[in-house]
Amino acid sequence: MKKWLLAFGGILISTAFYAQNLIEITNNNVIDVKNSFVATADLNNDGKKDLYISGINSSGTVVNAFYLNNGYGTFVDNSSVIANVTPLSHGSAKFADVDGDGDMDLLISGKNASNQSVTQLYIFNGTTYSASANSFDGIYQGNADFIDYDGDGDLDIFISGENISGTAISKFYTNNGSASYTAANFPAIIPHKKGGFAFGNFRGTGATKDLFLTGITQSDDTTTHIYRYNGTEYVLVSDTLLGYASSKVKRFNLVPGSVEYVIVNGIETGNNALVSVFVFDISGYFGIATIATDYTNGDFTFNDFNQDGRPDFTVTGKSLINSQLKSDLKLSSAFTNMIGSVYDNDASTILEPLFNGDITSFDFENDGDIDLIITGENANGESDTRLYRNINICTATSYTQVVNSCNDYLWIDGNTYTSNNSTATHVIPYGNIWGCDSTVTLNLTIKKTYYNENAGSVCDTLTLSTGQKISSSVSGYEYVKGLNVAGCDSIHILNVVIKHSTYVDQNVSECNEYKWLQGNGITYTSSQNNVLFYLGVNSQGCDSLARLNLVIKHPVERMDNVTACMQYTWVDGNTYTNDNSTATFHVGTASNGCDSIAKLNLVISNIVTGVDEVTACDPYTWIDGNTYYGTINTVTYTTTSVFGCDSIVTLNLTMDTINTILTFVNGVPNVNQPNATYQWINCDENMPVVGQTGTSFTPWYEGNFACVITYRDCQDTTNCFHSAALSVENAGLENYISVYPNPSKGNVTIKVASLFEWTKVIVYNAAGQIVKQPAAIDSFTNELSLTNLSKGVYLVKIETDKGSVQERLVIE
C-alpha cells in the first residue's frame, strides 16, 4: 500500500496501515447516474441531511431524484417535491435559503435532455420547488454557488463554466432582495471553463469573499487567478499559480479564520493529473503540495473518516497513464498545516472505481461518524451510485419490544404468535445507530377475549346482536360481539338448537280471483306466494302453519282489427255498417282454462271519388290506356282503394297546342304563337342562329331556316323556309372582287381590284358566328387560310370603302 507524505513541493512514500470500516450498503434504492452531481440539505428540518441527485442513467436519459434521510443509512424517495425541477447532467447543485423564509432553495446548472446549457434557481414553498423568474446565463462543465460578496446579508450567485456554444462564462449575479437577481459587471474577472472556483480569505482580509478561479480561458490558456473584493470591484491579485483543466475545486479549513486550503483535482498545464492543496495563511498564499496523482474526470471529498482529528480524503477518477478507474480512501497519519502531512491508502476499504461523477461525505446514518456517497460511470460504462456506511465505533445493544395485539401477531423473526410470549428473541445485524448488532426480546400480550353463550333451543331462526341470523343448530360457533375493555374483539362461542315450524302447503291456480276459505278467508285477485295462516303448535313446540301459493290466471283476449267496405259481418253474426270498437264475443275456453274473448276494432270505408287535373301537350295517354287529343272533362276511371272500395277518378284534361304557322310580311318570316320563347335555326346545319330569339328573323345569307317554339311544357318547330339572301349588297362590286377556289380544301385566294382605298374580310359560320377576321387586305391578291375550320358552308363578307360583297363558301 502506498503512503503519501505532504511536503512543500514534493511527495514522500510510506508503508503504514490503518484500519477503517467503510461498508457498502448493497440494497440502497438511490438512482444510478453518471455525469452527475449531488447536493444535501435538511429539507424537512428533522436534523438529518436529505439528498438531491441528478445525472444520466444507463439508458442515456437525464434524470433526477430527491430522497429523505431516515437516519439509519437508507433514503426514502420523495421526488414529488422536485416535480418542477429540470433534470441536468455535467453540472452542479447547491442548497441555500435565498428568500429568508427558512426553506432551502435550490440552484442548479448543467446540460438538459435537449443538449442546452442551463442555470436555474428554484424556490421551495415548504411543499414543492418552483422555478424563479430570474434569468441566468446557462453553463455546464462548471459550477454555480452562493456567496454574499457585497455583505448586504443577501446571498448572491457566482457561476463559472461554458455555454453550449463553448463560450467561457464567469459571472456574478447580485441579489436585490427577495431572491431577485441582476447580472453584476466586474471587468477584471477573466471567464474560465472546464474548471472550478472557491471563495475564501486568501489575502488575510478577514472576509471570505476572495475568489479562487481555475480552468481554461476563452483563449485556450489553462490558468489560476485569485481576485480580492475591495468593496466595489474584484481586483486581480495573482495570475501566476499553476492552472488546472477539467478540474474540481473545494475549500477546506480546520479552524475558521486560521489557515485555509483550496484543494484542486485536475490536469495541470504540464498534462499531469494531480490532486493539489493550495495553502493560504493570514498573509496570503503560503504554498502548494500534491497529495495524490493520476485521478482525472473524478471528484474528491475531505472529512475525518476515522475520527482522529485529522482531515482524511476520498478521491475517484480515471488514470491518465493506463485508463484504469480508481477510487481510494486516504487517511491522514500526521498533520500540521497540510504542508508536511502524511496520507496513506487505506487497504481495508474497497471502493467501487468510478469517474465522471460526484462524491460527497456526511453522517447520513446519524451515528456520529462520516459516511460516503459516490456517483459516476463504472468500468462497464454503466451509470452507478454507491453508498458506504462508516462502522468506526461498534457497541452491541439489546432491548425489549412490548407488543399488545388484539389478534395473532407476525413478528420481525417471521413467526406468527397466537398467544402471549415473553421469551422470543431476534438479532438485527447492524441494527443500532452505531451500525452494530441489536438483540430484541418480544414481550407479547394477546388481548382478545372469549365467552361461552348457550342459547338453548329456538324456533326457526336466532338473530344475534350483530344482526346475523342463525337458522340451523350450531355448537362452538365463534362470532365477534363488540369490543372488550382493552379495545379488542370480544368473541362469543355460541351453542344453540334450532327447531322448525311445520307447513301445510296449498298450491292453487284460479281464473280472475280466489277466496282462501281454508285459511284467512281473503279474496285475492293477483298471484300470491308464501301466504301463511296459523293453525296451532306442532310436536316440537313451534308453529304449525298453512301456506298458500296462488296463481291467478286471466281471460285470453284477441283483437280483430278489420277494415271493410260499406259493411261487415263479424263472428257474433251481426252485420255492422259503421265503425265499431266496443263489440265483444265469448269464443270459448283458452288453453289456460279461462275465457277466450274476441274484441272488434272495425273501420267502415266508403266509395272514394276524385279529379285528375292534367295540362299536357297533344297527345296525352291517361291511366285508362287511352290517348286523348283535345280538352276533355267527362272521362272516368274506376279502381279499388286500399280499403277495397271503389275509387272513381274523373279526367279534366287541358291541351296546350302551339301555332307553328309562319306569316311573311314584306318577305320577313313572323311567328304567331304568343307568350312563348323562340330560337331560329339553320335547317341545313341543324344549328341555332346565334342571337336570333325574336318573333321575326331576316336571314343575311342564303339557306333554309325555321323557328323552334317553346310554350309552357310543350315545344314544336315551324316548317323550314328558303331564304335567297343577296350575295352582293352593292350591285356591280362583284365584278371587282373574286373568291376561289370554291369549294375549297381550306386555302382560299381573294382577289380585289385597285379602285378600293381599303378592304376587310370577315368569315361567318352557318350559325352567324364570326370564325375568322384577318387583318385588312393591303394587296390585290391575298391568301386566306381556313384549314382550321370544319367542313361545311361559310359566308365570306368582304367590306370596302365603296360597299360590301358576301360570298357563300363551301369547305370540303
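**Notes on disulfides, a pocket and aromatic contacts**

1. Let me start with the bridge I would look at before anything else: Cys406 and Cys488 are joined by a disulfide, with an S to S distance of 2.0 Å. Please keep in mind that this is a predicted model. The two cysteines come from distant parts of the chain, 82 residues apart. Cys406 sits in the loop between β31 (397-405) and β32 (409-410), and Cys488 in the loop between β39 (474-483) and β40 (489-499). The torsion about their S-S bond is about -70°, so this disulfide is left-handed. Cys406 is partly exposed, with a relative accessible area of 26%, whereas Cys488 is buried at 3%.

2. Next comes the bridge between Cys459 and Cys542, where S to S is 2.0 Å. Cys459 belongs to strand β36 (residues 449-459) and Cys542 to the loop between β44 (528-537) and β45 (543-553), so this pair ties together parts that are 83 residues apart in sequence. With a torsion of about -90° about the S-S bond, the disulfide of Cys459 and Cys542 is left-handed. Cys459 is partly exposed, at a relative accessible area of 34%, while Cys542 is buried, with 1% relative accessibility.

3. A further disulfide is formed by Cys565 and Cys645, whose sulfur atoms are 1.9 Å apart. Here strand β46 (residues 556-565) holds Cys565, and Cys645 lies in the loop between β54 (636-640) and β55 (646-656). The distance along the chain is 80 residues. Cys565 counts as partly exposed at 26% relative accessibility, and Cys645 is buried, with a relative accessible area of 1%.

4. The count comes to five disulfides, the ones above among them. Why is Cys707 not bonded to Cys683? The closest cysteine sulfur to that of Cys707 is in Cys683, and at 10 Å it is too far for a bond. Cys707 is also buried, at 0% relative accessibility.

5. If you turn to the largest pocket, you will find about 1600 Å³ of space there. It is lined by 48 residues, and the closest to its centre are Lys94, Asn143, Val249, Lys250 and Asp358. Seven strands are worth colouring in your viewer: β4 (34-41), β8 (89-96), β12 (140-147), β16 (192-200), β20 (244-252), β24 (296-303) and β28 (355-362) each supply at least two lining residues. The lining is mixed, with 18 nonpolar, 21 polar and nine charged residues.

6. Lys250, one of the residues closest to the pocket centre, also lies over the face of Phe300, at 5.1 Å from the ring centre. Another such contact puts Lys326 over the face of Tyr295, at 3.9 Å from the ring centre.

7. Finally, the aromatic rings: the whole structure has 36 aromatic pairs. One of them is the tilted pair of Phe202 and Phe280, at 4.7 Å centre to centre with 35° between the planes. Phe202 is in the loop between β16 and β17 (210-217) and Phe280 in strand β22 (residues 273-281), so the pair ties together parts that are 78 residues apart in sequence. Are these rings buried or exposed? Phe202 counts as buried at 1% relative accessibility, and Phe280 is buried at 1% as well. Elsewhere, ring pairs link Tyr149, Phe158, Phe172, Phe186, Phe197, Phe199, Tyr229 and Tyr234 into a cluster.

Terms used: Residues are numbered from 1 along each chain as its sequence is written. This is a predicted model: local features need pLDDT of at least 70, side-chain atom pairs count only at pLDDT 80 or more; totals for chains, interfaces and linings use all residues. Side-chain values use heavy atoms; hydrogens and water are left out. On a 1 Å grid over the protein atoms alone, a cavity is a set of points where a 1.4 Å probe fits but cannot get out, and a pocket is an open set with protein on both sides within 12 Å along at least five of seven lines; lining residues have an atom within 4 Å of a point. Grid points are joined across faces, edges and corners, and a volume is the space filled by probe spheres set on the points. Helices (H or I, at least four residues) and strands (E, at least two) are DSSP runs, numbered from the N terminus. Ala, Val, Leu, Ile, Met, Phe, Trp, Tyr, Cys and Pro count as nonpolar, Asp, Glu, Lys and Arg as charged, and the others, Gly among them, as polar. A disulfide is a pair of cysteine sulfur atoms within 2.5 Å. Buried means under 20% relative accessible area, exposed over 50%, partly exposed in between (1.4 Å probe, protein chains only). Rings of Phe, Tyr and Trp (its six-membered ring) pair if their centres lie within 6.5 Å; planes under 30 degrees apart count as stacked, over 60 as edge-to-face and the rest as tilted. A charge sits over a ring if NZ of Lys or CZ of Arg is within 6 Å of the ring centre and within 35 degrees of the ring normal.
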